[in-house]
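Visitor: I have just opened this entry and would like a guided reading of it. Could we go through it together?

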Amino acid sequence: MQNTRRYARELTIADIFVFLRAIYFKLTTIFPKEMLNIILFGPPGSGKGTQAYRLKETYNLLHISTGDLLREEKAKGSPLGLEAKKYMDNGLLVPDEVVIGMIRVKLEENVGKVAGIIFDGFPRTVAQAEALDKLLEEKETHIEKVLALEVGEDELVRRLLERGKTSGRADDTNEDKIRTRLGEYHSKTALVAGHYAKSDKVRNVLGEGSIEDITKRLAAELDGDTGEEE
Ligand code: B4P
């Protein structure tokens, strides 16, 4: 009788061990130890937001769009949003410290709880890229790849004016402001690709064609399967 009771207790401990191990393996599948952090890079209107929404589903990533975060603050009328509005509505980049502060909060809230992050519209200056590298290093993680969407300037202007017809975004309805945004991209943001090229992280991807085809090209870069790419 005593032996049976001891056997039952041993069985229970073994069961618990097996059960915990199963949970551990399940969790490491959902949240692998190595986060997959990627930057979706490109000029305004290149489709960063459009593609980020699609990739986050496939790769189970958290999507952080600084444009969306700033527009939320603007809509709430918060002090940060009111400050950002002055720049955004005129096609200018919002000051680095404002955007970096927002990202710091997001990383504090999420690193360790998600499988990875897709950064959309951030970093947009070399100072932002350096701050991001430092923040990720503090969290013992890093950027895996920078996917750079390439789209011709006429197509960018066409897309943004088209979106402006329905989005009500002040920065999409006026061609001069769109040209200012493209100017900001060329003078400040394009340099970010050079920052990550030093560590061979940048992959250029054609951002013209159907939305589905572009997603496939991006996924091929992420999966390291670009044999058939142009
Ligand atoms: P964002 O919100 O990042 O917006 P974006 O650059 O205009 O757009 P995106 O490239 O995501 O294009 P989308 O997919 O929407 O920035 C807005 C402003 O916020 C900035 O100007 C700046 O003031 C401020 N800001 C944001 N981040 C900042 C930072 N880090 N530092 C400082 N300031 C910052 O696509 C555009 C249109 O094209 C859509 O209508 C879409 O439907 C269409 N489209 C997409 N793919 C297409 C395709 N393949 N074919 C045809 N149309 C397509």
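Guide: The conversation below goes from the overall fold to the ligand shell, the helix contacts and the backbone. Please keep in mind that the model is predicted.

Visitor: Fine. How many helices and strands are there in the protein?

Guide: The protein has nine helices and five strands. Along the sequence their pattern is α-β-α-β-α-α-α-β-α-β-α-α-β-α.

Visitor: And what share of the residues is buried?

Guide: Of the 230 residues in the protein, 29% are buried. As for contacts between residues at least 6 apart in sequence, 75% of them join residues at least 24 apart.

Visitor: On to the ligand. Which residues come nearest?

Guide: The ligand has 27 residues around it, and those that come nearest are Gly47, Gly49, Gly67, Gly121 and Arg163.

Visitor: Which helices supply at least two residues of that shell?

Guide: Helix 2 (48–59), helix 3 (66–76), helix 4 (79–88), helix 7 (153–167) and helix 9 (211–223) each do so. By class, the shell around the ligand has 10 nonpolar, 11 polar and six charged residues.

Visitor: Let me pick Gly49. Where is Gly49 found?

Guide: Gly49 is in helix 2. Leaving out residues up to four places away in sequence, Gly49 touches Ser65, Gly67 and Asp120. For Gly49 and Asp120, the separation is 71 residues in sequence and 6.4 Å in space, C-alpha to C-alpha.

Visitor: Why does Gly49 count as partly exposed?

Guide: Gly49 counts as partly exposed because 15 C-beta neighbours lie inside 10 Å. That number falls between the two cut-offs, since a buried residue needs 20 or more and an exposed one has 12 or fewer.

Visitor: New topic: helix packing. What is the angle between helix 2 and helix 9?

Guide: Helix 2 and helix 9 pack at about 50 degrees, and their axes are 10 Å apart. This angle makes helix 2 oblique to helix 9, and the crossing is right-handed.

Visitor: Which residues make the contact?

Guide: Helix 2 contributes Thr50, Gln51, Arg54, Leu55, Thr58 and Tyr59, while helix 9 contributes Ile211, Ile214, Thr215, Leu218, Ala219 and Leu222. Sorted by class, the contact of helix 2 with helix 9 comprises seven nonpolar, four polar and one charged residues.

Visitor: What about helix 5 and helix 6: at what angle do their axes cross?

Guide: The axes of helix 5 (residues 96–110) and helix 6 (residues 126–138) cross at roughly 20 degrees and come within 10 Å. Helix 5 is therefore roughly parallel to helix 6, as angles under 35 degrees are counted that way. Their crossing is right-handed.

Visitor: Which side chains should I select for that contact?

Guide: The residues of the contact are Asp96, Val99, Ile100, Ile103, Arg104 and Leu107 on helix 5, and Ala127, Gln128, Ala131, Leu132 and Leu135 on helix 6. The contact of helix 5 with helix 6 divides into eight nonpolar, one polar and two charged residues.

Visitor: And helix 7 with helix 8: which way do they cross, left-handed or right-handed?

Guide: Their axes come within 10 Å and cross at roughly 130 degrees, helix 8 being residues 175–197. At that angle helix 7 is oblique to helix 8, and the crossing is right-handed. The contact is formed by Glu153, Leu156, Val157, Leu160 and Leu161 of helix 7 with Glu175, Ile178 and Leu182 of helix 8. Six of the residues in the contact of helix 7 with helix 8 are nonpolar, none polar and two charged.

Visitor: Last, the backbone. Which residues does a cis peptide bond join?

Guide: Phe122 and Pro123 are joined by a cis peptide bond, with omega about 0 degrees. Pro123 is in the loop between strand 3 (116–120) and helix 6.

Visitor: Why is that worth noting, and what of the sign of phi?

Guide: Most peptide bonds are trans, and most residues other than glycine have a negative phi. Asn60 has a positive phi near 55 degrees and sits in the loop between helix 2 and strand 2 (62–65). Glu140 also has a positive phi, near 60 degrees, in the loop between helix 6 and strand 4 (145–150).

Visitor: Is Glu140 buried or exposed?

Guide: Glu140 counts as exposed, because it has 11 C-beta neighbours inside 10 Å. Asn60, with 13 other C-beta atoms within 10 Å, is partly exposed.

Definitions and conventions. Residues are numbered from 1 along each chain as its sequence is written. This is a predicted model: local features need pLDDT of at least 70, side-chain atom pairs count only at pLDDT 80 or more; totals for chains, interfaces and linings use all residues. Helices (H or I, at least four residues) and strands (E, at least two) are DSSP runs, numbered from the N terminus. Two residues are in contact if their C-beta atoms, placed from the backbone, lie within 7 Å. A residue is near a molecule or strand if its C-beta atom, placed from the backbone, lies within 6 Å of it. Ala, Val, Leu, Ile, Met, Phe, Trp, Tyr, Cys and Pro count as nonpolar, Asp, Glu, Lys and Arg as charged, and the others, Gly among them, as polar. Axes are lines fitted to C-alpha atoms, for helices over the stretch in contact, and angles run from 0 to 180 degrees between N-to-C directions. Angles under 35 degrees count as roughly parallel, over 145 as roughly antiparallel, 65 to 115 as roughly perpendicular and the rest as oblique. A crossing is left-handed if the near helix is turned anticlockwise from the far one by less than a right angle, and right-handed if clockwise.
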